[in-house]
Amino acid sequence: MSSLEEIRHSLAHLLAAAVLKKYPKTKLGIGPVIENGFYYDFLLPQSISDADLPELEKEMRRLIHLGLDFKGEKLTPIKAKKMFRGQPFKQELIKEFVKEKKSLTAYHTGDIFTDLCRGGHVKNTKKINPEGFKLTHLAGAYWKGSEKNPMLTRIYGLAFADKKTLEDHLRMMEEAKKRDHRKLGKELQLFEIVDEVGPGLPLFYPKGAILRRLVENYITELQERHGYLPIWVPHITKGELYKISGHLDKYDAMYPPMKLKDEADYYLKPMSCPHFMMLYKSLPHSYKELPVRWTYTGTVYRHEKSGELSGLTRVRSISQDDCHVFARPDQIEQEINLLLDTIEEVYKKFGFNDFWVRISTHDPKNKSKYIGDEKVWQKSEEALTHLIQKRGWKHEIGVGEAAFYGPKLDFIFKDVIGREWQLSTIQLDMNLPKRFELEYTDAEGKKRQLVVIHRAILGSTERFLGILIEHLGGAFPAWLAPVQAIILPISEKQKDYADKIFIQLKNAGIRTELNDANESLGKRIRQAEMEKIPYIIVVGADEETNKTVSVRERQKGNLGAMIPEKFIEEINKQAPR
RNA sequence: GCCAAAGUAGUUCAGUGGCAGAACAGUCGCUUCGUAAGCGAUAAACGUGGGUUCGAUUCCCGCCUUUGGCUCCA
């Protein structure tokens, strides 16, 4: 039995063979296995389109039916160079492998194709189910992932053990697309992106704005409960500030300055950290008052590259739930733990279980990349890892991925089509406090430098909402739903009674709509269900007589009649806390 | 930014080198209805700027936007 990995890897070779047959002048890149399939990068002598994929697929199937053997061969550097003459990318790889003293192997597919490869194939192409794979799409990809290198054409394929699994997967992707937040955002009238305003600058309809507010208010309230205090800072700032922070030199996503006649240049802020720092610095601080925990939710603007924008998950107007903790070095562990508590509470509340944490640490072999004391690094990294392990959260250690100023914890979520997005982030910072000369006075009256912890729970309200919409498929729980209940009078005769109930619910703080349109009850129920409103209140002659309401719960159906006060009580039980 | 594809009513989708079609949503009537689509009428679109052509929504080029990737990132 061949493993899926072997099948996928072998298919990548067959793809390369098929491409070479059709375009003999093609230069080969690499062709690895990925989740659900494989890809192969080519420098093609001409441009191709999706329409060319079926032909390549057909050729691959033909090769499978030929029953070709995969055979490995050890190569000397000289032989390898000769074998892959005319393949510049392969030559580059050979040089690299020789330099790294890796052994060189080639794999032959029958006698029709040979690739530089470390192996991991099926024994014979007959082991591959010709109905179990499909070439899906093309994409550009830089050689070795660097913008400076030439762009190759990447052909992606899906591959599974058999036709049924492949079809199941395709069907699942179709289903997932229905939950795409960009689609739901339009259907549920949450947000819109219009040409005249600009790409990456979403506008929010009332329902979307209410959703934003509910999420942000929840976070704000929760933070204050955990001991964080709000601050407020403006949206534009003099360049001076970002000169101190170093962003002006290093950060390339800033919008260009606003030029004024007789004044310094002003900038739209791409982040608020420096503002926090300035505010901290404006007062003297004693060791006794630390930690100082400040939060601020506001919008920053970054000119992200146009090709990277995507719905709400990648935008140019970014609302961050920014938080900075100013602490003594001995308080780091306690503060991180508090932040993790806060994050855990939020994730539970929103039902997020599927995420993983990247613990980005420094690279001890490359100390020059980082600033600060090695001991502090080690200690804080150990503390971070320990705290994450204790919670049993899925995590990976990213050695060398820390920022130059300190280690990080990033919380990664997947969207509906499998792309990963970073939401929450916790970063230890020992650099900015130095640049901004942030200090506190210790017990001996001496000035000491402190540590800043940057943290965002939502990361950005926009991205969080994008992921949340997909996570819930747009069916928000009652406490988050922009409209919690909709009242449907059965006929015109109950209009007055429906109005009365509407006012009663509104006064009880329930986000309510009334639909007395001249449409059948069935149709109005259908509309409300499609809008994913959690509760539908039906009032007819019976309800009016008994002074009750009939409550229908989304997806579940009719719960029966009850007095309005009982319904209000039920819905209020689901408050954010 | 780069590679590739796509842009037709509000939405989903047809279609054509010679007057642009449907469904749903909208509007106006009729109907007053008991838990996922009542009936009829009506308004509404070829992203944008050039070019080819007697004539372009259709063919070609640029731009804009979107989608899928690459790099970057919350």
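Which residues in α1 meet which residues in α2? Let me take that question as the way into this structure, and say at the outset that what we are looking at is a predicted model.

On the side of α1, the residues are Leu11, Leu14, Leu15, Ala17, Ala18, Val19, Lys21 and Lys22, and they meet Leu56, Glu59, Met60, Leu63 and Ile64 in α2. If we sort the residues of this contact by kind, ten are nonpolar, none is polar and three are charged. Two packed helices are described by the angle between their axes and the distance between the axes. For helix α1, residues 4–22, and helix α2, residues 53–66, the axes come within 9 Å and cross at roughly 115 degrees, and the crossing is right-handed.

Now to the sheet beside α1. Here three strands form an open sheet in the order β4-β5-β6, and their pairing is antiparallel. Because β4 (70–75) and β6 (113–116) are at the edges, each with a single partner strand, one side of each is left without a neighbour in the sheet. From one strand to the next, the twist averages 25 degrees. Strand β5, residues 104–109, runs antiparallel to β6 and is joined to β6 by four bridges, and within that pair Ala106 stands opposite Leu116 in β6. Helix α1 packs on this sheet, where α1 touches β4, β5 and β6, and the direction of α1 makes about 120 degrees with that of β6.

Let me move further along the chain, to strands β25, β26 and β27. Strand β25 (residues 535–539) pairs with strand β26 (residues 549–553) in the antiparallel sense, over four bridges, and Ile537 has Val551 in β26 as its bridge partner. Strand β26 in turn pairs with strand β27 (residues 557–562), again in the antiparallel sense, this time over five bridges, with Ser550 opposite Ala561 in β27. The hairpin of β26 and β27 has three residues between the strands, and in this hairpin Gln555 takes a positive phi near 70 degrees.

Finally, we come to the RNA: how many residues surround RNA strand B? There are 64 of them, and the closest are Gly140, Ser306, Gly307, Gly459 and Gly540. Helix α16, residues 521–530, gives the most to the surface near RNA strand B, contributing seven residues. Taken by kind, the residues of that surface divide into 19 nonpolar, 23 polar and 22 charged, whereas the contact of α1 with α2, where we began, has ten nonpolar residues, no polar ones and three charged.

Terms used. Residues are numbered from 1 along each chain as its sequence is written. Chains are lettered from A and ligands numbered from 1 in the order in which they are written. This is a predicted model: local features need pLDDT of at least 70, side-chain atom pairs count only at pLDDT 80 or more; totals for chains, interfaces and linings use all residues. A residue is near a molecule or strand if its C-beta atom, placed from the backbone, lies within 6 Å of it. Helices (H or I, at least four residues) and strands (E, at least two) are DSSP runs, numbered from the N terminus. Ala, Val, Leu, Ile, Met, Phe, Trp, Tyr, Cys and Pro count as nonpolar, Asp, Glu, Lys and Arg as charged, and the others, Gly among them, as polar. Two strands pair if DSSP finds at least two bridges between them. Axes are lines fitted to C-alpha atoms, for helices over the stretch in contact, and angles run from 0 to 180 degrees between N-to-C directions. A crossing is left-handed if the near helix is turned anticlockwise from the far one by less than a right angle, and right-handed if clockwise. Two residues are in contact if their C-beta atoms, placed from the backbone, lie within 7 Å.
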